[in-house]
Each structure stands twice: as structure tokens, then as C-alpha cells.
Amino acid sequence: MGMTIAEKIIASHLVSGDMKTGSEIALRIDQTLTQDATGTMAYLEFETMGIDRVRTERSVAYIDHNTLQCGFENADDHRYIQSVAKKHGIWFSRPGNGICHQVHLERFGVPGKTLIGSDSHTPTGGGLGMLAFGAGGMDVAVAMGGGAYYITMPKMYKVNLTGRLRPFVTAKDVSLEILRILSVKGGVGAIIEWGGEGVKTLSVPERATITNMGTELGATTSIFPSDEVTRAFLAAEGREGDYIPLSSDEDAHYDRVIDIDLSALEPMIACPHSPDKVVTVRSIAGTKVDQVCIGSCTNSSLMDMLKVAALLKGRTVSPSVSLSISPGSRQVLSMLSECGALNDIILSGARLLECACGPCIGMGFSPNSEGVSLRTFNRNFEGRSGTADARVYLVSPETAVAAALKGVITDPRDLGDMPEIVMPAAFRIDDSAVLAPASPDEAKAVEVLRGPNIRKFPECRPQEDTLCAELTLKVGDNITTDHIMPAGAKILPYRSNIPHLSQFCFGVCDKTFPERAKAAGQSIVVGGANYGQGSSREHAALVPLYLGVRAVIAKSFARIHAANLINAGILPLTFKNPDDYDKLSQGDMLSLSGIYAGMDKGEITLKDETSGAEIALTCAFTARQKAMLKAGGLLAYTKECGEQ
């Protein structure tokens with residue numbers, strides 16, 4: 001039997017394990033990336049391993065999240081990351097150079113290579129034919145130290161594309177269509193490969209938009225072939241030498257095949273507050289709009305920005321709308337400036353923001369109260385924008401421009417003819433904002449600079465054989481990492497200060513949780529289906545760890561968050577019968593006994609000491625994960641067994 005693209009890359013990077021669906025496999029990692037909201041913690045973890053220099057082919061530290069500097073905290077973290085990168089062999093992308101996924105696609109991504117990043121949208125690299133995973137900072141730290149990355153061997157899905165996109169219909173609409181089909185949990189446990197004749201009509205930036213949004217499906221990752229389109233993109237970046245062809249075998253097996261006719265699609269929109277609440281733009285046209293944001297790692301490429309500029313040229317943004325534009329990289333911004341497109345954007349009345357994540361993570365440009373905001377981003381979770389009662393919709397750049405000009409949600413096809421966009425044959429190359437690390441000899445004299453906001457890592461707590469604790473919080477389905485550990489301008493500066501950060505834990509769900517959890521000493525959290533979807537931020541595990549959470553029981557878990565819980569030494573357990581969720585009440589005292597034997601058997605009995613109910617819970621831990629939990633998490637396990 002033939003192999004899929006992902007299976008070929010896995011086979012060439014397999015360190016241990018059997019490539020059988022559901023089995024644990026370990027992969028050699030070629031590249032890593034971090035960003036500053038997760039990077040400080042990842043590098044603190046790397047330092048605890050006592051390794052002088054990274055052992056990957058390429059590791060890059062990006063500054064793109066915490067760029068709004070209202071105090072010393074973010075600046076101190078940036079200084080720390082720059083110094084630790086210089087000392088340990090990591091390339092450093094300075095603030096203003098751009099969003100990690102956009103810059104990595106432009107300058108560092110290589111077809112056929114493996115990449116993990118401490119950001120859930122790292123699968124953007126799949127647009128180039130990389131096998132790219134979002135991961136927790138601890139996993140990235142271990143990979144930088146030369147350790148393998150462990151995952152469960154995924155299922156293989158294929159999306160077969162036919163036809164060609166019509167004017168004003170975009171790769172973002174393709175992403176929204178697959179979310180409509182599969183939902184935010186429909187890709188869990190699967191790698192999604194995009195193929196078919198329609199793939200040849202999509203540029204690398206369009207492919208990257210689709211693989212970026214694959215994260216919202218819960219997929220392990222998404223990937224496109226590496227073909228002549230890929231070669232042309234790399235050649236334009238002056239990196240044609242990085243090109244290799246990659247395609248699946250004709251007799252490759254897929255667990256599911258989905259057919260999408262590109263020519264049949266129309267402009268789509270995701271309604272509040274989930275990326276899979278997808279309808280056609282036409283169906284809700286006329287809804288008043290207060291704000292429009294164009295950019296993010298999903299839609300900030302040169303192609304996206306040239307289309308935006310062409311549609312804005314000679315037109316003026318509606319007086320009732322505030323429009324922001326965030327180019328994805330310094331390369332994109334400089335090329336917009338050189339060709340005059342930037343002037344068309346500015347003259348329209350748009351507000352130009354820096355080349356950073358910005359509004360996507362609530363870092364500035366929050367909507368007005370009860371405001372409607374159309375964004376070309378990948379997430380519209382409640383409160384993520386920084387305004388608790390805002391209604392955020394996800395759209396393509398073309399739909400965003402139409403709304404900005406008209407003041408209401410508008411099908412972009414109503415704007416008239418789509419201007420012709422001609423992409424340059426070569427991009428402007430200037431890597432001066434990417435700083436090389438010191439040589440091994442020079443690194444010995446480099447001082448790592450730490451500010452007062454950088455606190456020590458939370459204490460590891462080995463999992464004992466019995467646990468009796470209060471159920472301090474019960475939440476529903478699709479709880480995101482934004483619910484557990486919110487982002488935003490007021491909170492992100494404290495990502496390296498877990499004690500301070502802890503006061504915001506579960507603030508979206510219950511502002512009393514942090515104090516109640518502290519008072520309980522140790523506790524258990526109960527959730528519904530798809531618990532922990534969204535960002536890869538390990539803080540959604542580390543902060544509950546600090547607050548004494550010892551176990552999380554849910555109907556089902558998102559992949560990265562479940563891994564982060566285990567990395568932190570927190571026990572993730574699943575209801576054998578999802579209806580048993582209803583038998584538990586917040587405030588009940590719960591007990592687990594025979595945990596070690598239960599982990600081996602795959603089933604642990606929970607007793608509700610308050611009601612007397614006994615509930616069967618399931619787990620499927622590998623031998624390594626069981627050892628990690630008993631040790632108190634990944635770092636403790638790594639020290640204990642010497643694994644790197």
C-alpha cells in the first residue's frame with residue numbers, strides 16, 4: 001500500500017514507535033519556533049535542562065505577540081528571549097519583523113521537514129509541505145534539546161479539491177467551508193491532506209491560510225503537496241534550493257475523503273462565538289458593522305494585502321467603521337510601500353498597525369461595547385477581542401473590505417469587478433531584523449538578562465496513587481484555552497509570572513475560581529466535550545497546576561491541551577459514559593483510588609463522596625505518559641530518566 005505525504009515525512013523522521021493509527025510515535029524534529037507569549041516559559045524550561053546549545057537544524061524565537069509595551073514586563077521578556085537565543089544557538093526575529101508563521105513561511109520553512117512551535121497555528125507551515133505541529137512550550141524545549149516529539153499516530157483524511165475559485169471567493173472561504181463540514185472537533189486525531197487538481201490553482205499563501213485554519217478543526221496538522229507552485233514561491237524568496245517535490249502515492253489509504261468543488265463556493269462568514277458557526281455572507285448581509293480588522297497569521301500575506309489595497313483604492317472607509325490593517329511581515333510592508341499600495345490603504349482612512357498579531361489576541365484595537373467586528377483572523381471566541389460583549393465574525397479580506405466600505409456586512413461580489421492582482425516574480429529580501437546567535441565560543445560570555453517579572457517555574461507535584469479533592473469548577477462543552485487562561489493586553493505581559501497570572505484563571509467562566517482553588521489546596525475540574533480547544537498555550541495547564549488542580553475530567557479533550565496537562569503532571573480523564581457528567585456538581589468532594597493500576601488498565605473509578613455516586617472514567621496513557629505523571633510532569637521525568 002502506498003503512503004500519504006504525512007506518512008512519508010513521518011517514516012523519514014521516525015525515532016521510535018509503530019506507524020499504526022492510535023499508537024504512540026516519536027519524531028525527530030528539524031525546526032522549532034516560539035513566540036514571546038509562550039517563548040519566555042519555553043526558554044526557562046530549556047534552561048532547566050542544562051543543555052548549552054540547541055540541537056535542531058533551525059530554531060527561531062519570534063517577537064510578535066506582546067508588542068504593546070505599557071510597562072516594563074514585555075520589554076524585559078523580549079530582552080530575556082534575545083539574550084537566551086544568542087547564548088543557546090537560536091535565531092532571533094526582532095519586534096516589527098513580523099508574525100512568526102508568516103515570516104517562517106517566507107524565510108525558513110522547508111518542504112519535507114518537521115517543525116513544532118509553541119503556537120497552535122504552527123501548521124501554517126503545511127502550506128509549504130512541512131509536517132508542522134503546534135505544541136506546548138515543554139515539548140518545544142525538549143525538541144530544542146535534541147529530544148523527540150511524541151504524538152499518537154493520527155488518522156489520515158484527504159480533502160479532494162476540484163475546479164477553481166471564482167472572483168471574490170478565497171482560501172479563507174475554503175477554510176470556513178471545511179469547518180462547516182467537520183466542526184471544531186471534526187479533525188481531532190487526524191492529519192488533513194489537501195489534494196486534487198484544484199490544489200494547483202492555489203498559491204502558497206492561499207494554502208497556508210487553509211493549513212493555518214486547520215488548527216480550528218482540532219486536527220493534528222494539515223499539509224499540501226510540494227509542487228511547482230511551491231518551487232515558484234521559494235524561488236521568489238531566493239530559496240529555490242530548499243525545494244523538494246512531495247506528493248502522496250496513488251494507492252495511499254485515507255480514513256476519510258471529502259470532496260470540495262472550488263468553483264461552487266461562495267463568500268462565507270463564521271458567526272459569534274465559534275469558527276464553525278459558518279453561513280454564507282449573503283444570508284446575513286445588512287448587519288451593521290462597527291469595526292473591521294485585516295491581518296493576523298491567517299490573512300496577512302502580500303497577496304492578501306495587495307487585494308485589500310486594490311479594493312480600497314480611490315474609496316473611503318464608512319464613517320461608522322474603524323478599519324485596521326496589520327501586514328504580516330516587514331517584507332510585506334516594505335513591498336506594499338515600494339509599489340504604492342500602502343498609500344492606497346492609508347488614503348482610504350484605514351489605520352495601519354505594526355507587523356504583529358495585535359488585535360487577534362486582544363493586544364489592542366478592541367471593539368466598542370456590544371460592537372460588531374469583522375476580522376480576517378482564525379478565532380472568534382467570546383471575549384478574545386478584549387471586549388467581553390463584542391460580536392466577532394471571521395471573514396476573508398475581500399469580505400472585510402466590503403463591510404468596511406459599506407458599513408454593513410456585504411457580499412464582496414457586490415463591489416463590482418475584482419481588480420487584477422499581479423504578484424512580483426521576486427520578493428524583497430532583507431533579513432537584517434533576524435539576528436544570528438553567537439558562536440559556541442562567543443556564547444560562553446553572553447549574559448542571560450532576566451527582569452523582575454520572570455518568576456520560577458511552578459513546582460512539580462508527582463501524581464499519587466489516591467486523590468481526594470473538591471470539584472472546584474464545572475464547565476460546559478468547547479471550553480477553550482482562552483476560557484482557562486485568557487489572553488489580551490492586560491494579561492499577556494504576565495505570561496512569565498505564573499503567580500500573578502493565576503488570578504485570571506477561568507476568569508471568563510468564574511472570577512471566584514482562583515481564590516476558591518487556593519483555599520481548597522488541591523482540586524479537580526470537570527468539563528464537557530472538546531475541553532481545551534484553541535491555543536497551544538501551556539499556561540492553561542501550568543496556572544491550574546499552580547492553583548492546585550490535580551485532575552481534569554471531561555467528555556473529551558483537545559489534543560494539545562491533553563498533552564500539556566500530562567506535561568504539567570495533571571491527570572486528564574474521560575467519562576466512560578458522557579451522561580455521567582450530569583451526576584457531578586460543583587462543590588462535591590471527589591475521590592480517586594488505585595490510580596496507578598487504573599492507568600495500566602485504562603479505567604479508573606471515581607467516587608462522589610458527597611452524593612455517593614460511582615462513575616467509570618477512562619484513560620489511554622502510554623508507558624511514557626504514565627511515567628511522566630508519576631514523576632510530576634515532563635521536566636521532572638526528563639531529569640529523572642535523563643531523556644533528551
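This section describes selected sheets, helix packings and individual residues of a predicted model.

An open sheet is a good place to begin. Six strands make up this sheet, in the order E7-E6-E3-E4-E5-E20, and their pairing is mixed. Strand E7 (131-134) and strand E20 (434-435) occupy the edges, each with a single partner strand, so one side of each is left without a neighbour in the sheet. Helix H3 (residues 72-88) packs on this sheet, where it touches strand E4 (58-62), strand E5 (91-93) and E20. The direction of H3 makes about 150° with that of E5.

Further along the order, strand E3 (residues 31-35) and strand E6 (residues 114-117) run parallel and are joined by 3 bridges. Thr32 has Ile116 of E6 as its bridge partner. The pairing of E6 with E7 is also in the parallel sense, over 4 bridges, and here Ile116 has Phe133 of E7 as its bridge partner. Ile116 can thus serve as a handy landmark when following the sheet on screen, with Thr32 as a partner and Phe133 as another. In a regular strand the side chains alternate between the two faces of the sheet. Strand E7 offers an illustration: Leu131 and Phe133 point one way, Ala132 and Gly134 point the other way, and all are buried.

The model also holds a closed barrel. Its 7 strands run E21-E22-E23-E24-E27-E26-E25, again with mixed pairing, and the twist averages 35° from one strand to the next. Within the barrel, strand E22 (residues 523-526) and E23 run parallel and are joined by 4 bridges. Ile524 is paired there with Ala551 of E23 as its bridge partner.

E23 also takes part in the surroundings of helix H17 (residues 539-546). This helix is mostly covered, with 7 of its 8 residues buried. The buried residues are His539, Ala540, Ala541, Leu542, Val543, Pro544 and Leu545. They pack against strand E23 (549-554) and against several helices, namely H2 (36-48), H5 (137-144), H14 (481-484), H15 (498-501) and H18 (559-567). Just after H17, Gly548 takes a positive phi of about 95°.

A helix pair comes next. The axes of helix H9 (residues 302-312) and helix H10 (residues 330-339) come within 10 Å and cross at roughly 35°, and the crossing is right-handed. From H9, the contact is made by Leu302, Met305 and Leu306, which meet Val332, Met335, Leu336 and Cys339 of H10. By class, this contact has 7 nonpolar residues, with no polar and no charged ones.

Attention now turns to single residues, beginning with Asp290. This residue is found in the loop between strand E14 (278-280) and strand E15 (291-294). With a relative accessibility of 18%, Asp290 counts as buried, because the cut-off is under 20%. The side chain of Asp290 makes a polar contact with the side chain of Lys288 at 2.8 Å. A polar atom of the Asp290 side chain also lies 2.8 Å from the backbone nitrogen of Val372. Beyond its neighbours within four places in sequence, Asp290 is in contact with Ser320, Val321, Ser322, Asn368, Glu370, Gly371 and Val372.

Ser322 belongs to the span of strand E16 (residues 322-325), which also contains Ser324. Ser324 is buried, with a relative accessible area of 0%. Leaving aside neighbours within four places in sequence, the residues in contact with Ser324 are Val292, Cys293, Ile294, Arg351, Leu353, Pro359 and Phe365.

Phe365 brings the backbone geometry into view. Most residues other than glycine have a negative phi, and most peptide bonds are trans. Phe365, however, has a positive phi near 55°. Phe365 is found in the loop between strand E17 (351-352) and strand E18 (372-375) and counts as buried at 14% relative accessibility. Phe506 likewise has a positive phi, near 60°, and lies in the loop between H15 and helix H16 (513-520). The relative accessible area of Phe506 is 1%, and this residue is buried. Finally, the peptide bond from Pro272 to His273 is cis, with omega near 0°; His273 lies in the loop between strand E13 (268-270) and E14.

Methods. Residues are numbered from 1 along each chain as its sequence is written. This is a predicted model: local features need pLDDT of at least 70, side-chain atom pairs count only at pLDDT 80 or more; totals for chains, interfaces and linings use all residues. Side-chain values use heavy atoms; hydrogens and water are left out. Helices (H or I, at least four residues) and strands (E, at least two) are DSSP runs, numbered from the N terminus. Buried means under 20% relative accessible area, exposed over 50%, partly exposed in between (1.4 Å probe, protein chains only). A polar contact is a pair of N or O atoms within 3.5 Å; within protein, one must be able to donate a hydrogen and the other to accept it, and residues adjacent in sequence count only if both atoms are side-chain atoms. Contact means heavy atoms within 4.5 Å. Axes are lines fitted to C-alpha atoms, for helices over the stretch in contact, and angles run from 0 to 180 degrees between N-to-C directions. A crossing is left-handed if the near helix is turned anticlockwise from the far one by less than a right angle, and right-handed if clockwise. Ala, Val, Leu, Ile, Met, Phe, Trp, Tyr, Cys and Pro count as nonpolar, Asp, Glu, Lys and Arg as charged, and the others, Gly among them, as polar. Two strands pair if DSSP finds at least two bridges between them.
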